[in-house]
Amino acid sequence: MVDKGGKLVNKPPIRCSGCRRLLWEDRFFDLARLICRQCYAGPLGDNIKNEKKLARQKKSRLKKYGLTETAFDMMFLLQNCKCAICDKLFINRSSAYIDHDHASGNVRGLLCAQCNYGLGQFGDNPKLMIRATTYILKTNEIRYIGNDIL
């Protein structure tokens, strides 16, 4: 193999982790992952691109709320990997939604998708949520059978 300066270099070929072929170093797109250019151009490369995109989105999300990776991890562990409202276990870290006060921007905790959506639908209005809770408790006391109230 010849290096960029035109000198002969005696390096052994490297095995691609995708196609398993032995190739020279200059045939690799990503030496850290040992992915050759051909594999990177195919489905394996698409997976890597998706991973990188998710990593960028995660970093952007943390930055948006002023959280560090460590602070997010601490919240995740302090909540026992569960939603702060319903105690539903998160499938993974990316399934945890960062809940924040829309007025102040302060982070309150981590929620599952349903609870985060629910709070959003109530506009983070505690009075409205209390009224909804009262409504549900009151109507649970009344039993309906068909169109008749018992």
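Contact here means heavy atoms within 4.5 Å. The model is predicted.

**Exercise 1. Find which residues Phe90 touches, leaving out residues up to four places away in sequence.**

Solution.
- Step 1. Start with the stretch before Phe90. Its contacts include Phe76, Gln79, Cys81, Lys82 and Cys83.
- Step 2. Continue along the chain. Ser95, Ala96, Leu110, Leu111 and Cys112 are also touched by Phe90.
- Step 3. Place Phe90 in the interior. The largest nonpolar core has 15 residues, and Phe90 is among those touching the most other members, along with Leu67, Phe72, Ile98 and Leu110.
- Step 4. Ask which elements build this core. At least two residues come from each of α3 (69-78), β6 and α4 (113-121). The largest share, three residues, is from α3.
- Step 5. Note a second, separate core. Its eight residues include Phe28, Cys36, Tyr40 and Ile48.

**Exercise 2. Work out how the buried and exposed residues of α3 are arranged.**

Solution.
- Step 1. List the buried residues in α3: Phe72, Met75 and Phe76.
- Step 2. Look down the helix axis. The buried residues of α3 fall within an arc of 100°, so they line one face of the helix.
- Step 3. Turn to the face away from that buried side. Here Thr70, Leu77 and Leu78 are exposed.
- Step 4. Check what follows the helix. Asn80 comes after α3 and has a positive phi, near 55°.

**Exercise 3. Describe how β5 and β6 are joined.**

Solution.
- Step 1. Set the limits. Strand β5 covers residues 97-100, and strand β6 covers residues 107-111.
- Step 2. Give the direction and the bridges. The two strands run antiparallel, joined by four bridges.
- Step 3. Pick one pair. Tyr97 has Leu111 in β6 as its bridge partner.
- Step 4. Inspect the turn. Six residues lie between the strands of this hairpin, and Gly105 in the turn has a positive phi of about 85°.

**Exercise 4. Explain why Cys83 and Cys115 are not bonded.**

Solution.
- Step 1. Recall the bond. A disulfide is a covalent bond between the sulfur atoms of two cysteines.
- Step 2. Set the cut-off. The two sulfur atoms must be within 2.5 Å.
- Step 3. Apply it to Cys83. Its closest cysteine sulfur, in Cys115, is 3.7 Å away, so the pair is too far apart for a bond.
- Step 4. Try Cys112. The nearest cysteine sulfur is again that of Cys115, at 3.6 Å, and Cys112 is in no disulfide.
- Step 5. Check the whole structure. The search finds zero disulfides.
- Step 6. Add burial. Cys83 is buried at 1% relative accessible area. Cys112 is buried too, at 4%.

Technical notes
Residues numbered from 1 in each chain as written. Predicted model: local features only at pLDDT ≥ 70, side-chain atom pairs only at ≥ 80, totals over all residues. Heavy atoms only, no water. Pairing = 2+ DSSP bridges. Core = buried A, V, L, I, M, F, W, Y, C linked by side-chain atoms within 4.5 Å. Buried < 20%, exposed > 50% of the residue type's maximum accessible area, 1.4 Å probe, protein only. Arc of directions from axis to C-beta.
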